[in-house]
Every structure is written in C-alpha cells, then in structure tokens.
Amino acid sequence: MSAPPTRPSKSWTVKIRERGVEALPPERLLPDGQPTYVASWIYVFGVASIASLMVIIGSGCILTLKGPAWWHVTGIGHFFNSVHMWSVELFFFTMVIHLWGKYWMAAWRGGRAHVWVTGAVTFLVAVPAALTGYVSQQNFDAQWISTQAKDAMNSVGVGAFFNLTDFGQMYSYHVLLLPVVVVLLVSAHVLLVRRNGVVPPFELHERMPAARVESPVADGAEASSGGQS
Amino acid sequence: VSFLRTEDSTRPWKGGYAPYDLVKELCIALGVIALLAVVLTVLFSSPDDKPSTITQWSHELPADFTTAATKELAGTSPTAEYGPPYNSGTASVQHAAFLNLQEWLGVSHPISTAYDFVINPLKTIPNDPGLRKAIAEYEAAPEKTKKEWDEAFATPLEEYAKAVEEKKTPPSTVVVNTTTDGVTVKAGGAGPVPTMMTGLLSLAQSGGVDGSLLTSRQFYQTDYTKPLLFMADGGLLAERAEAQHLLGKQWGLMNETGSYPGQPWLWLYALWYQVEPFKASHNADLLVLLMMGLLSVAFICIPFIPIINRIPRWVPIYKLIWREHYRGPGARGHSSG
C-alpha cells in the first residue's frame, strides 16, 4: 500500500476550498437558526423572488424544449407560456417589494453595501432579460415592441450590436445569455446574504446613524446566524 | 472611498436566535409561487395576437401600402431617412451635447429601401416583360428624373392619406377597388413608377414580399429587421397598436395587447416620455435613456449617497418591520450588539 498523497501546498484547488469554507462554513451557508428580529412578512419577499425565478426558469425550459413556435399552436404550450409570463410578473412584483423593504431597513449597514449592489444590479439586468422575451414572442406584441424600442437602442448606439428586430439574436439573449447573468447575480447575492447575515434593527437610542459602507467588521460574529434573503 | 463613508454604528447581532429551516422555507415559497402562477394562468391566460404580415397589410390598407412603398422607392420613408444603424440618413439620429453614440457606432445593418423593399422583390417576379422594362427604365434614369417620377406618383397618394386621416372626402386621383384591393393612381409624369407599384402591390398581396424580404444568402433566416421596418413605415402596425393602447402617448411601453399587465416595471421609463422637455424633443429616446442610466447608477449606489442613505432612519417604517423586536426585552440599546 502506498502512503496517502501529501497535499500540495500551492494547490489552487485546496486554496479555493479553504477560502470557500472560511468565507462560508456549512453552518452559515445552510443555517438552522436565525436572529429573533427576523419576524416580519417583509422577509418573505426575498425568497419569493427566488421562487419566482425558479418557476420562470422551469417554465422557460419547457418552452425551450419544444421550440419558440410551439406555444402558439398547442393548448399545453399556451399554458406554459402563461405560467412563464405570470411568474415573470410575480418575480418583478416580489423583487420590487423586497427592494423597498431592504431600503427602509437600510440593509446596506454593517458592511452589507455589496449585498445591496448585487440586488440592484439583478433588478436592472432582469429588465432586458424580460424585454428580450417580449420581443421573442413572435406575435403582434413582439412586432410592436421591437419596432418601437429599437429607436431607444439605436439612439445610444446599442442597436449596432443588439438588434431588437432580429428574432434569432433576441431569442439567444433571452434563453441563455441574460438568464445566466441573472442566475449568477442572484447566486452571488444569496451567498453574500449568507455570509453577512440579515441586517440588525436600528438601535432606538441612535440619533443619526447612517451607512458606513464597506465596513471591515462584516459581522463576523454572525457566523452561526441564519437569516433570509 | 473613505470620503463616502459615514457613521455606521451597526454591530454584529449578539442576541437570540430562533429555529429556522431555510430549505423548507424555499420549498414552501416555490410551491406557493408556482400555485399562484398556475391560478393566474387558469384565470387570465396570456395574450397572443397574431402577427401582422405584409400580405395582410397590402390587402387591408392597399393605398397605405402603396404610399409607403413609393416613399421607400423615393428614399423619403422613415427608414430611408433614418440614419445609423441602417443607412447614412439623419432624420432619426439623436445626440446630446458631445454624445453622438448613434453616429459613432455607424451603419451596422445596411438597408437600401429602394432596392431592399421595392426593386429587388420586383425582380423576383417572372414572365412579366412590361415590369422588367419598367424596372430597367427606372434604374437607368438619372437621379433627378427618378425624383420627379417618385414625387409625381407620391403626391396624390399623400393627399389621399391626409384626407383619410382627417376623415374628409378623398381626392379622385386615387381609387381603391374594395373588391380586388387594387389601387389606381392618376398621376401624370410618373414614368415607370405606376407599373412598378402595381406589380409590387400584386406581389405583396400574393405573399411574395413577405418571403423576399426574408431571403438572405443562406437558407435559414431569423432576422426580421427588413419586413418589420417596412411594415413600421406603414400604418397597419400603428393602427392595431392604438386600438390596443400601445402607443407611446398611451404609456404603451408598459402595456401589452388586451388588458394584460405587460412590463409595469418600466413605469418610470415610460413616465419621462410624457413630460417636457423629453416629450417634444427630437432626442427624446437618448435623453430618456441617459436619465434612466443616471438614475440606475444612483439606485445601485444608494448605500453611498448622503441623505438618501439616511432617510430610512428618519422615517420610522423600520419600527413597523421590527415591531416584534422592539416590543421585546433589551431592544433599546442592545438590539445589534
């Protein structure tokens, strides 16, 4: 029998694993407890946004499997298109409430600015993700939206490489490129929430607190805490 | 970024924890949202109005089609005069101060409306010597002569369109046959243009223009830029859109056909188009996008913007969110460590 291999001191794999576990130990990544102040319905809208995104992706995958023309000619296809559309509406609805809730909590406090930034960028990237879906519908809505919105894209030069009237290009953006960006951003957002924990309440005796962004403290003491997105 | 940092007394939580099942919560949320989406689907379904075609346009509005096609041939249509990314026109080029982004990016999707929308489709019609001769005569003529022919044919059509729009009696120089959907234009000095336009209308009504505008050097095609721009130069799409409350002045950016919610998250974007100075500006699209770009950056940077990042402390909505916490023992001064 040979001796177990010694760990290479400069292994990229080991470095990534150690940094990952250090940043997000399992008990913080998947907690079984949360601070007692997390006791409001407003906290539900973060996880509801993620659930909506999952329904969007699930219904979108079914539509993609059958191709872009399927939902126009079959009842079951139209059903899944409707589920896709309504889950998009729910996604934006829950995300907007989640964002407003986080604003009124000043959820960027305590070194959580990057959590806010990833959430805000997710919202902004979700807008063209939805727009490319609307112009990929292959119906009158797609015709009208693409011919009207092209002027805005052209006015800033974007139309030179992002052509709303090119169905093939828009469909590619909608079913692959932009969803990948949204999922990556949401994943980063959730991991940052897990790492930093949910922002604690304002202390009532505070007079003028505000956000010192990029705090080096980063709530390390919350290592075992839970919290929702 | 030290100058951006303001006082932040938020400290790590040292208080109690309650049992929490993250995975269970996500599964329940997924079930509820999926059920909600299905219920909304069963109750309201989703819109799917059939797309317009050039065939449909040329049958329903033959005079409008002929007017638009004549402008394409003359180079006076919105697309012909647009500018980048379609051609070197200037009519739809927007700029703000030193920003000429549209011109800087140049012509990336070249379109010659005379050839792409009119002459090349006409050349696909076989066995019509009269039409062949008319096309050859038109192509061989000097630009000045072409312009005179185009104007001679376009003028009565424009008078007809204006009368229809103003709901007045149309001039007798344009006759639309409602049985055959044909258009007769009494225009002297129009050279071969009447023959060409009659041929194009017939081709469009048979479905030939839809096909020829999608033809490319390869078999497969997914780019609908040409047929969409051609149709957008006519009145059919706008007529349907107005009936469905989709025009810009109707906040159409947010709407979808029927009574469906569309993209309500674009409400702020749509708002700027309703107010001055954006509403009347030739550069409205660019100005609105610059404004939205600025606001988007501000939205991302809220944690760093003085006053904006303090408003949540001044407005006691947080007392409602954390009311259970503040009712509890030790909330005052110990809530966050």
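1. In this predicted model, the area buried between chain B and chain A is about 9400 Å², and carbon and sulfur atoms give 67% of that area. On the side of chain B, the three residues B:Trp265, B:Arg313 and B:Trp322 supply 9% of the area that this chain buries against chain A, which is more than any other three residues supply. In terms of residues, 101 of chain B are in contact with 106 of chain A.

2. The polar side of this interface deserves a separate comment. The rule finds 34 residue pairs in polar contact across the interface of chain B and chain A, with both residues of each pair at pLDDT 80 or more. Helix H1 of chain B, residues 22–44, gives the most to the side of chain B that touches chain A, contributing 14 residues. Sorted by class, that side of chain B has 59 nonpolar, 24 polar and 18 charged residues.

3. As to salt bridges, a search of the whole structure finds eight over all chains, whereas across the interface of chain B and chain A the rule finds one. The side chains of A:Glu203 and B:Arg11 meet in a salt bridge, at 3.0 Å from N to O. This pair crosses between chains, A:Glu203 lying in the segment after helix H8 (167–196) of chain A and B:Arg11 in the segment before strand S1 (17–19) of chain B.

4. Two helix pairs across the interface can be described in detail, beginning with helix H6 of chain A, residues 113–134, which packs with H13(B) at an angle of about 150°, the axes being 8 Å apart. Because angles over 145 degrees count as roughly antiparallel, H6(A) and H13(B) are roughly antiparallel to each other. From H6(A), the residues A:Trp116, A:Val117, A:Ala120, A:Val121, A:Phe123 and A:Leu124 meet B:Ser296, B:Phe299 and B:Ile300 of H13(B). By class, the residues of this contact divide into eight nonpolar, one polar and no charged.

5. The second pair consists of helix H7 of chain A (residues 140–155) and helix H10 of chain B (residues 225–232), whose axes come within 10 Å and cross at roughly 85°. H7(A) and H10(B) are therefore roughly perpendicular to each other. Here A:Gln143, A:Ser146, A:Thr147 and A:Lys150 of H7(A) make the contact with B:Leu228, B:Leu229, B:Met231 and B:Ala232 of H10(B). The contact of H7(A) with H10(B) has four nonpolar, three polar and one charged residues.

6. Some points of backbone geometry in chain B should be checked by eye in the model. Most residues other than glycine have a negative phi, and most peptide bonds are trans. Against that background, the peptide bond from B:Pro84 to B:Pro85 is cis, with omega near 10°, and B:Pro85 is found in the loop between helix H3 (62–74) and helix H4 (101–105) of chain B. The peptide bond from B:Glu276 to B:Pro277 is also cis, with omega near 5°, and B:Pro277 is found in the loop between helix H12 (267–272) and helix H13 (284–300) of chain B.

7. A further backbone point concerns B:Lys167, whose phi is near 55°, a positive value in a residue other than glycine. B:Lys167 is found in the loop that runs between helix H7 (143–165) and strand S2 (174–177) of chain B.

How values were computed:
Residues numbered from 1 in each chain as written. Chains lettered and ligands numbered in written order. Predicted model: local features only at pLDDT ≥ 70, side-chain atom pairs only at ≥ 80, totals over all residues. Heavy atoms only, no water. Axes fitted to C-alpha atoms, helices over the stretch in contact; angles between N-to-C directions. Helix = DSSP H or I, 4+ residues; strand = E, 2+ residues; numbered from the N terminus. Parallel < 35°, antiparallel > 145°, perpendicular 65-115°, else oblique. Contact = heavy atoms within 4.5 Å. Nonpolar A, V, L, I, M, F, W, Y, C, P; charged D, E, K, R; others polar. Buried area = accessible area lost by both parts, 1.4 Å probe. Salt bridge = Lys/Arg side-chain N within 4 Å of Asp/Glu carboxyl O. Polar contact = N/O pair within 3.5 Å; in protein donor to acceptor, adjacent residues only side chain to side chain.
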